[in-house]
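Here is a friendly walk through a two-chain model, written for reading beside the viewer. Keep the structure open and rotate it as you go.

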Amino acid sequence: MNSRLRVLLVDDELAMRESLAAWLRQDGHQVTKAPGGLEALAEMEHQEFDLALVDIKMPGMDGLELLRRIKDERPDTLVVIITAYGSIESSVEAMKAGASDYLLKPFDPEHLMLLLEKMARQRDMLRENSALRQRLSEGECASYAGLVGQSPAMQAVFDQIEDAAAAMAPVLITGETGTGKEMVARAIHGQGPRAFAPFVTINCGAVTETLLESELFGHERGAFTGAVKARRGRLEMADGGTLFLDEVGEISQKMQVALLRVLEEKRFQRVGGNQYLTSDFRLISATHRDLTELIRQGRFRQDFFYRINVLTIVIPPLRERGEDILPLAEHFLAYFAAQTGKPKPGLDPRAQRALLAYPWPGNVRELRNVIERAVIVSQGSTVGLDKLTFLAPTPEAEPASLTLAEVELAHIRRVLATQGGSVGLAAEVLGIDRSTLSRKIKKAGLRKT
Amino acid sequence: MASSRDIPPPVRPGPEVEVIPLGRVSATAVAVAAAHLQALLGLNALVLPPRPDPAHCHSPTRGQYDAGLILRELSDQPNPGPLRLGIIGHDLCLSFLTFVFGEAQLGGRAAVVSLHRLWKLEDGSPAPRAQVLERLAKVSLHETAHLLGLAHCRDGGCLMRFSGGLADLDRLGLQFCPACQRQLTLARQRLRADPDRVPAAPGPGPA
């Protein structure tokens with residue numbers, strides 16, 4: 001259990017605020033102070049808190065009113081009322097209004113410590129409930145969602161997931177696009193001790209460097225044009241949980257240095273901020289790129305690579321584990337049939353052969369898309385070959401009456417598709433020289449992709 | 001050609017923590033606290049002459065001394081100097097806590113510890129002297145480590161674990177866990193790398 005809390009301390013008395021904040025920081029909690037109810041609500045607009053410690057007697061908005069407002073606007077924030085003027089009536093009123101506890105000053109230090117531990121446990125339970133609700137709404141099993149596989153290669157990946165889940169070391173997942181790298185990351189998270197803590201993801205290749213910095217580190221109000229209020233970054237959001245950096249190979253060298261510092265010092269600042277924050281997260285990264293090649297080219301830092309690559313999981317492409325294709329197809333058929341409210345269809349033999357023969361350049365994601373489309377357009381209880389739409393035709397799509405030239409042409413198309421349209425690479429695979437292949441492509445009127 | 005007068009005298013390391021009795025406090029107890037800071041925290045500890053009892057920090061309503069007020073006085077020094085650990089015989093409190101064994105400014109300059117509650121066993125009978133001194137050593141080490149930036153630790157055997165009462169305090173060993181030990185090492189390095197923080201005592205002048 002992560003016992004550190006993000007605490008909002010609300011008391012109009014400066015000395016009390018300062019001394020209690022200092023004491024809480026000694027215990028490792030992150031403390032924000034507010035002198036009154038309005039200031040407290042303003043702070044809550046900018047960041048989330050696990051616990052609000054609220055003095056009951058304050059000018060303007062009193063503690064009970066603030067408690068009601070917090071419960072309205074941030075129901076997951078626990079509230080403890082603190083007062084020097086105890087009465088049964090006020091304590092009952094506070095508990096009815098949603099306070100988690102009620103403390104009379106001065107309190108026994110051990111009592112305060114036990115209270116904080118109790119609040120940390122309640123916070124964790126709230127997070128677990130939230131995570132479970134999310135999983136139920138997604139309708140998928142948390143641990144191996146989508147990770148269907150009976151091939152030896154995938155069995156080895158499943159073993160590695162179990163090992164990684166038990167450890168806390170950073171994991172680097174590599175594999176072609178569409179092999180399920182995020183699914184593996186979620187499986188590691190879901191099988192580990194942080195299963196009910198946040199799983200925070202960011203696609204490093206999908207945003208500019210400036211936006212990536214703000215997304216990761218957060219920013220303070222006024223840090224840049226458009227920063228009208230402070231915002232927590234993904235590093236903060238992942239506290240206690242897992243941070244998943246997808247497409248880590250796309251990160252600039254400058255960002256690699258910044259992240260390396262965070263991983264080494266365990267602290268960071270928001271963009272435009274001067275306060276050091278800490279976050280206890282487990283790092284999982286993924287990339288489809290060859291990072292050792294990028295290091296050789298000087299585009300990826302070796303020290304950053306070693307920091308993120310303590311454990312490595314390589315997901316093989318789908319074409320190298322043919323025995324997983326049909327089980328995956330069956331899995332997706334069931335999933336999309338349930339989604340569309342149809343009975344689960346089967347695959348006719350020609351469709352099965354076509355799925356097995358296809359090279360799957362888009363890997364599992366492409367298979368998923370093909371099956372989803374097939375389920376939507378199919379009417380009967382069986383999905384036929386005609387309902388499968390691939391990127392490139394498969395041998396099973398061609399009847400035995402084809403001429404040799406037609407078979408050759410179909411094969412050239414297939415190989416070009418698997419080589420990303422590269423004539424040079426396709427020529428190598430086909431065992432002919434590039435000029436010969438170019439001539440055949442031109443004669444057949446094939447457009448180079 | 002430079003003469004021996006131009007060469008600055010060799011500098012011996014000065015005190016890194018000053019241990020200050022506040023009012024009437026056993027000299028042995030103070031010496032034991034200083035020795036443990038030296039031995040377990042690796043800090044040069046210097047025991048200063050006693051200061052007058054901080055009677056103005058006494059709270060008549062509580063019947064205790066306000067640790068916050070004492071810390072404010074201890075940390076009030078014109079130039080950056082050594083850390084300061086005050087040792088007092090009276091009972092300490094904070095406005096929101098019924099009592100504290102000691103209190104410190106996290107990452108700050110001043111801490112204070114009290115002997116008042118350390119003299120008794122849980123049943124109220126007098127504790128053996130050795131146990132009292134060991135308790136004082138533990139509280140002194142804990143509070144001084146707060147000055148070096150260490151927060152409370154959840155490791156059951158670590159000196160940085162929070163003690164809510166004498167039973168908790170007596171269960172602690174005189175050691176820090178590996179993680180806290182690493183933090184202490186880094187904190188000491190930072191302390192020594194900053195010359196403003198540790199003023200050097202001048203060595204002997206030229207003959």
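The sections below cover confidence, a helix, a strand, the cores, chain B and the contact between the chains.

## Reading the model

This is a predicted model: local features need pLDDT of at least 70 and side-chain atom pairs count only at pLDDT 80 or more, while totals for chains, interfaces and linings use all residues. Residues are numbered from 1 along each chain as its sequence is written, and chains are lettered from A and ligands numbered from 1 in the order in which they are written.

## Confidence in chain A

Chain A has a mean pLDDT (the predictor's confidence in each residue, from 0 to 100) of 86, and 91% of its residues reach 70 or more. Among its elements, strand β6 (residues 171-174) of chain A has the highest mean, 97, and helix α16 (residues 404-418) of chain A the lowest, 74. Helices (H or I, at least four residues) and strands (E, at least two) are DSSP runs, numbered from the N terminus.

Please take care with residues 140-145 of chain A, where the pLDDT is below 50. Beyond near neighbours in sequence, this stretch has ten contacts in the model, a contact being two residues whose C-beta atoms, placed from the backbone, lie within 7 Å. Where pLDDT is low, the predicted coordinates should not be read in detail.

## A helix with a buried face

Which residues are buried in helix α3 (residues 63-73) of chain A? They are Gly63(A), Leu66(A), Leu67(A) and Ile70(A). A residue is buried if 20 or more other C-beta atoms lie within 10 Å of its own, exposed if 12 or fewer, and partly exposed in between; the C-beta atoms are placed from the backbone.

Looking down the axis of α3(A), the buried residues fall within an arc of 105°, so they line one face of the helix. The arc is that of the directions from the helix axis to the C-beta atoms. An α-helix has 3.6 residues a turn, so residues three or four places apart point the same way. The buried residues of α3(A) pack against β1 (6-10), α2 (37-46), β3 (51-55), β4 (78-83) and α4 (88-96) of chain A.

## A covered strand

Strand β11 (residues 282-287) of chain A is mostly covered, with six of its six residues buried. On one side sit Arg282(A), Ile284(A) and Ala286(A), and on the other Leu283(A), Ser285(A) and Thr287(A). In a regular strand the side chains alternate between the two faces of the sheet.

β11(A) pairs in the parallel sense with β6(A) over four bridges; two strands pair if DSSP finds at least two bridges between them. The bridge partner of Val171(A) in β11(A) is Ile284(A). Strand β8 (residues 242-246) of chain A also runs parallel to β11(A), joined by four bridges, and Leu243(A) stands opposite Leu283(A).

## Nonpolar cores

A nonpolar core is a set of buried Ala, Val, Leu, Ile, Met, Phe, Trp, Tyr and Cys residues joined through C-beta atoms within 7 Å. The largest has 86 residues, of which Ala52(A) and Ile87(B) touch the most other members. Not counting residues up to four places away in sequence, Ala52(A) touches Leu8(A), Val10(A), Ala40(A), Ile70(A), Thr77(A) and Val79(A). A second, separate core of 38 residues includes Ile173(A), Phe217(A), Leu243(A) and Phe268(A).

## The sheet of chain B

Chain B has five helices and eleven strands, and 39% of its 207 residues count as buried. Five strands form an open sheet of mixed pairing, in the order β3-β2-β6-β10-β9 (chain B). Its edge strands are β3 (45-47) and β9 (102-104) of chain B, each pairing on one side only.

β9(B) runs antiparallel to strand β10 (residues 110-114) of chain B, with three bridges joining them. One bridge partnership is that of Glu103(B) with Val112(B) in β10(B).

## Where the chains meet

How many residues does each chain bring to the contact? Chain A brings 18 residues and chain B brings 17 residues. On the side of chain A that touches chain B, α1 (14-26) and α5 (109-138) of chain A each supply at least two residues. α1(A) gives the most, with eight residues.
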